[in-house]
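Student: Please take a close look at one part of this model and go through its surroundings in detail. Start from the strand region and then say what lies around it.

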Amino acid sequence: MAKSITVVVIDGHTLTRYGLVGLVAGADDIEMVGECGTAAEAAAVVAVAVPDVVVLDVALPDGDGLRIAAELRDRYAELGIVVLTSNTEDDVLFRALETGVSAFVCKTAPNVEVLAAIRHAAVAACSFTATGLAGALGRRNSVMVGLTLSPREQQVLALLTDGMSVPAIARSMFVSPSTAKTYVARLYEKLGACNRAQAIMTALRLGLIERQLSVSA
């Protein structure tokens, strides 16, 4: 008989955990070996249970589920990681993709889709799957077609990515601090960002940083 896929569930909602336990109980090839409800417990539970797959919520009561996923991926290269979420917005999906999880599943998905994600994660931990991925990529490509950065904006984005402050950007570009501040503000507006972190994350998701770097190389 083939070895069962062992699973740990990390979710702050007790009913969700119980639901997953019941779902897995009906699958002959999957076995629940641990569960917890907080980010603080996650590392210890996984270390003790040594599962094939971890199923975790994006929004844990005491932390970011995707941060936990990134830590688990760094520690366990072959671990399957299935992210469950109530938030199916494109930026959450792309964050999951960048984190290196195995599957991204909406909590309202059919049971068969959740089980399929667990089975996928068990055999292809580093291969990402998500039902809405094609649509999200299409929407991102549509945005990229209409979003073009000027050479100045590309330069500002690269300097922001390097961690430079506005005064440092001004010195690097040989412009006044007020002019540099204007460039940064225009870049934020174009990217729909309120700060440096949002601008860099948006640029990463849209592929603008990679494209800009390839131009300057």
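Tutor: The account below starts with general totals, turns to Asp-57 and its surroundings, and ends with the helix packing and some backbone angles.

This is a predicted model, in which local features need pLDDT of at least 70 and side-chain atom pairs count only at pLDDT 80 or more, while totals for chains, interfaces and linings use all residues. Residues are numbered from 1 along each chain as its sequence is written, and side-chain values use heavy atoms, with hydrogens and water left out.

The protein has eleven helices and eight strands (DSSP runs numbered from the N terminus, H or I of at least four residues for helices and E of at least two for strands). Of its 217 residues, 42% are buried (under 20% relative accessible area; exposed is over 50% and partly exposed in between, with a 1.4 Å probe and protein chains only). Contacts (heavy atoms within 4.5 Å) between residues at least 6 apart in sequence join residues at least 24 apart in 65% of cases.

Asp-57 belongs to strand 3. Asp-57 counts as buried because its relative accessibility is 4%. Its side chain makes a polar contact of 2.9 Å with the side chain of Lys-107 (a pair of N or O atoms within 3.5 Å; within protein, one must be able to donate a hydrogen and the other to accept it, and residues adjacent in sequence count only if both atoms are side-chain atoms). A polar atom of the Asp-57 side chain also lies 3.4 Å from the backbone nitrogen of Ala-59. Apart from residues up to four places away in sequence, Asp-57 touches Ile-10, Asp-11, His-13, Gly-65, Leu-84, Thr-85 and Lys-107.

Two of these partners can be followed further. Thr-85 is in strand 6 (residues 80-85). With a relative accessible area of 1%, Thr-85 is buried. Leaving aside neighbours within four places in sequence, Thr-85 is in contact with Asp-57, Val-58, Val-92, Phe-104, Val-105, Cys-106 and Lys-107. Lys-107 therefore appears in the contact list of Thr-85 as well as in that of Asp-57, with Asp-57 counted as buried.

Ile-10 is the other partner. Residues up to four places away aside, its contacts are Cys-36, Thr-38, Ala-42, Val-46, Val-54, Val-55, Leu-56, Asp-57 and Leu-60. In the largest nonpolar core, which has 27 residues, Ile-10, Val-54, Leu-56, Phe-104 and Phe-128 touch the most other members (such a core is a set of buried Ala, Val, Leu, Ile, Met, Phe, Trp, Tyr and Cys residues joined through side-chain atoms within 4.5 Å). At least two residues of this core come from each of strand 1 (5-10), helix 2 (39-49), strand 3 (53-57), helix 3 (65-75), strand 6 and helix 4. In helix 4 (residues 90-99), the buried residues include Val-92, Leu-93, Phe-94, Ala-96 and Thr-99. After helix 4 comes Gly-100, with a positive phi near 95°.

Further along the chain is a group of packed helices. Helix 7 and helix 9 (residues 177-191) pack at about 95°, with axes 10 Å apart (axes are lines fitted to C-alpha atoms, for helices over the stretch in contact, and angles run from 0 to 180 degrees between N-to-C directions). The two are therefore roughly perpendicular (65 to 115 degrees; under 35 is roughly parallel, over 145 roughly antiparallel and the rest oblique). Arg-152, Glu-153, Val-156, Leu-157 and Leu-160 of helix 7 meet Tyr-183, Val-184, Arg-186, Leu-187, Tyr-188 and Lys-190 of helix 9. This contact has seven nonpolar, no polar and four charged residues (Ala, Val, Leu, Ile, Met, Phe, Trp, Tyr, Cys and Pro are nonpolar, Asp, Glu, Lys and Arg charged, and the others, Gly among them, polar).

Helix 8 and helix 9 have axes that come within 8 Å and cross at roughly 105°. Helix 8 is thus roughly perpendicular to helix 9. Val-166, Ile-169, Ala-170 and Met-173 of helix 8 meet Pro-177, Ala-180, Lys-181, Tyr-183 and Val-184 of helix 9. By class, these are eight nonpolar, no polar and one charged.

Two loops carry backbone angles to check. Most residues other than glycine have a negative phi. Phe-174, in the loop between helix 8 and helix 9, has a positive phi of about 60°. Its 77% relative accessibility makes Phe-174 exposed. Val-50, in the loop between helix 2 and strand 3, has a positive phi near 45°, and at 60% relative accessibility Val-50 counts as exposed.
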